[in-house]
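Colleague: Could you walk me through this one while I have it open?

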Amino acid sequence: MGWAIALHGGAGEIPLSLPVERRKPREDALRHCLQIGVEALKAGNPVLDVVELVVRELENNPQFNAGKGSVLSCNGDVEMEACIMDGKTKKCGAVSGLKTVVNAISLARLVMEKTPHIYLAFDGAEAFAREQGVETVDSSYFVTPENIERLNQAKEANRTQLDYTPPTPKDLNNEKSIPNGDSQLGTVGCVAVDNEGNLATATSTGGFVNKMVGRIGDTPIIGAGTYANNLCAVSATGKGEAIIRGTVARDVAALMEFKGLSLKDAAAYAVDSVPKGTAGLIAVSATGEVTMPFNTLGMFRACATEDGYSEIGIWPSIKN
Amino acid sequence: MGGWAIAVHGGAGVDPNLPLERQEQAKQLLTRCLNLGISALRSNLPAIDVVELVVRELETDPFFNSGRGSALTEKGTVEMEASIMDGPKRRCGAVSGLTTVKNPISLARLVMEKSPHSYLAFSGAEDFARQQGVEVVDNEYFITKENVGMLKLAKEAKTILFDYRIPTAGLETCSAGVDSPIVMNGLPISVYAPETVGCVVVDSQGRCAAATSTGGLMNKMTGRIGDSPLIGAGTYACDLCGVSCTGEGEAIIRGTLAREVAAVMEYKGLGLQEAVDFVIKQRLDEGQAGLIAVSRNGEVACGFNTTGMFRGCATEDGFMEVGIWE
C-alpha cells in the first residue's frame, strides 16, 4: 500500500541512436513532471487533481506531442484530444478536435464535471471551452518548427510509398510508419493512486503526423487509451488504431477483475495481445503497484512509489 | 459450430404509453429488417455485409433515431454517428458529427476499409464522404416535422434528453421525469433518449459482426459524442461474439458495455446469455441500457434494464422473435 505515480511521453520506434540533444530535454521534462506529481501526492491532493496537473505540465512542454508541440494533421493544423477518468466513480470526460485550447486535459475534466455528457468534439468542444472561460490561444501557439518539418517529411514519405509501392489492403489498415524518427511519438499520460487506494488516469495527444483531418485516435476513447476503476488506472500510447481494436486500457482492468491476474501480469498480457511495435502503457493498482510495459522499441516513461522507488527510462531496462 | 443468427434493435427505453399503432409500426419495421438480414445470410453474405445492409435500412426509414429521423441538437440540426466492427480481425470503423451523409454506417465501413484510421469525425468525416463519393443529402432530409416539435418541447422542459414519442399533450409525463431526475455523469437530466439502431450477426461460418447508428440525444450539445461510435462501448465484435448497445450513452461508455460482454466470455468463461445478464446487472450501476448479442456458436441473446426495448432476432433453426416489452 501507498501512493504511486507513473507518467509517459509516448511509445514507439525510438531509435537507440536518438541524439543526446533530443533525449536529454525529454528526460529532464519527465523528471520535472514526476517531481511535480510526487509533491502533489505527498501534499495530499486528490488523485484526479494530480493526474490533471501532471498532464497540463506535459502539454505545456513542447518536447511532447500534446498541447504545445502537438503534431500536425495533413492540412498543417493541430487537432488535439484528451481524456480523464476517476477510478472510484468511473466518471470521465473526453475532448477531440481542439485547435485553440491551451490545456486539453482541463477541458476534458470540465466536460466530466460541468456537462451531462462525457465527450465533446470539434466546434462544439471549442464553443464549450469559451463558455467555460478556459485559456485559449491562436492555433499557431501549438505549432513548432520541428513539427512543420516532421509533416513535410511525412508527406514526402507517403508520396514515395505511393510512387513505389502499390497500396495493399494490409497497408490500408496500418498507420503508415515514418522512417528515421520519433515523429509519431509523444502522446502523454499520467496515472496515480493515493494511499487510500483512489485511482485516476489522464491522457492527452496531438494525434499523429499527417493524420487525416477529423481523425480520432485511442486517447479520448474510454477503455482504449484511457481507463480507471477501483482496481487500477491505465494510460496507453502507441498506434491508436491497434489500441482501439484491442480495447487495451480496459483489458488490463478486465484481466485483473475477471481472470484474477496481478497488475503486472494483466498489463503485460494486454500489451502482448496487440501487434508488436504498436503499444505501451503505464498502470498503477489500488494497492500501490506500478508497471510500464511496451512492445515498441521504447517508451518515454517515469514512475515513483511511496516506498522510495523511482525510475526514468526510454528503452527496456536491463533487468527486463 | 452452430448456424447463423441475427438480432436487431431500435433502442432501449420505451414509453409505456406508446400508442398501439406506433408499437405495430415498430414491429413491422423490425420484422422487415430481420427478413432482409435473413435472406442475405441465406445467400451466404458475410456477417459484416449483413449488419451494414440491415443498419442502412434502419437508417433510411425515419421511424427510429438514426439517419433520416435522427434526434436534433440544441441548434435544431442533425449530427449522426455510427460504428461497425468485424469480429475475425477486429477491424473497425467509426464516424461522428455527420450532417449530410445519407447512410453513416456505410461511411464507417469505408473508414475501416479505405482509410488508415479507425475513426473520423465532423468536417474531416464529411470531406472523406465526398472523397469516397457516398450519397450525401441536405441536412433538411434528416429532419422530421415530429422531431422539430419534440425539440421545442424538450427546450421548454429544459431537458437535454427527451423521449420523442411522449405525446405533445403529455407535459405531465415530462415533468414527472424532471421531478425524479436520472443522474447522468453526476448531473440530473430527464428521460434518456432511446431508439439508436443496431444489428449483430453471426454467419454460418461463425464470423461475428456488429453495427450501431444513431442521431444521439434530442437537444444535445453540438459536438457531443455518445457511445454508438465508440468501439468497446456501443459496438464490439471479436472471434467470440458481436454486441450492439443502446440506451444512456454515458453509462454505456463508462461501463465499456459491449467489450464487457466479450471480456467476461473470454476471461471468465461465461456463456453468451450469462455474459449479457451479468453485464446488464453488474455493469450499468444507475444507468439504463439494453444490448443485443450473438456468439460464434450461433446463439443470440438480448438484455435490458429499461422499460422495454425494440428488438428482433432470428436463428438458422427457424426461431424468430420480435418484441418491445419484457
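**Salt bridges and a covered helix**

Modeller: Gladly, and bear in mind that this is a predicted model. A good place to begin is B:Arg283, which is buried, with a relative accessible area of 11%.

Colleague: Which residue does B:Arg283 form a salt bridge with?

Modeller: The partner is A:Glu257, and the closest N and O atoms of the two are 2.2 Å apart. A:Glu257 lies in helix H8 of chain A, while B:Arg283 lies in the loop between helix H9 and strand S12 of chain B, so the pair joins two chains.

Colleague: And is A:Glu257 buried or exposed?

Modeller: A:Glu257 is partly exposed, with a relative accessible area of 28%.

Colleague: How many salt bridges are there over all chains?

Modeller: The count comes to 29 over all chains. One of them is between B:Arg109 and B:Glu52, whose closest N and O atoms are 2.8 Å apart. That pair links distant parts of the chain, with B:Arg109 in helix H3 and B:Glu52 in helix H2 of chain B, 57 residues apart.

Colleague: Why does B:Arg109 count as buried?

Modeller: B:Arg109 counts as buried because its relative accessibility is 12%, and the cut-off for buried is under 20%. B:Glu52, at 15%, counts as buried too. Both belong to a network of salt bridges that also links B:Asp49, B:Asp86, B:Arg91 and B:Glu113.

Colleague: Switching to chain A, how many residues of helix H3 are buried?

Modeller: In chain A, nine of the 11 residues of H3 are buried, among them A:Arg109. What covers the buried residues of H3(A) includes helices H2 and H4 and strands S2, S3, S4 and S6 of chain A.

Key. Residues numbered from 1 in each chain as written. Chains lettered and ligands numbered in written order. Predicted model: local features only at pLDDT ≥ 70, side-chain atom pairs only at ≥ 80, totals over all residues. Heavy atoms only, no water. Buried < 20%, exposed > 50% of the residue type's maximum accessible area, 1.4 Å probe, protein only. Helix = DSSP H or I, 4+ residues; strand = E, 2+ residues; numbered from the N terminus. Contact = heavy atoms within 4.5 Å. Salt bridge = Lys/Arg side-chain N within 4 Å of Asp/Glu carboxyl O.
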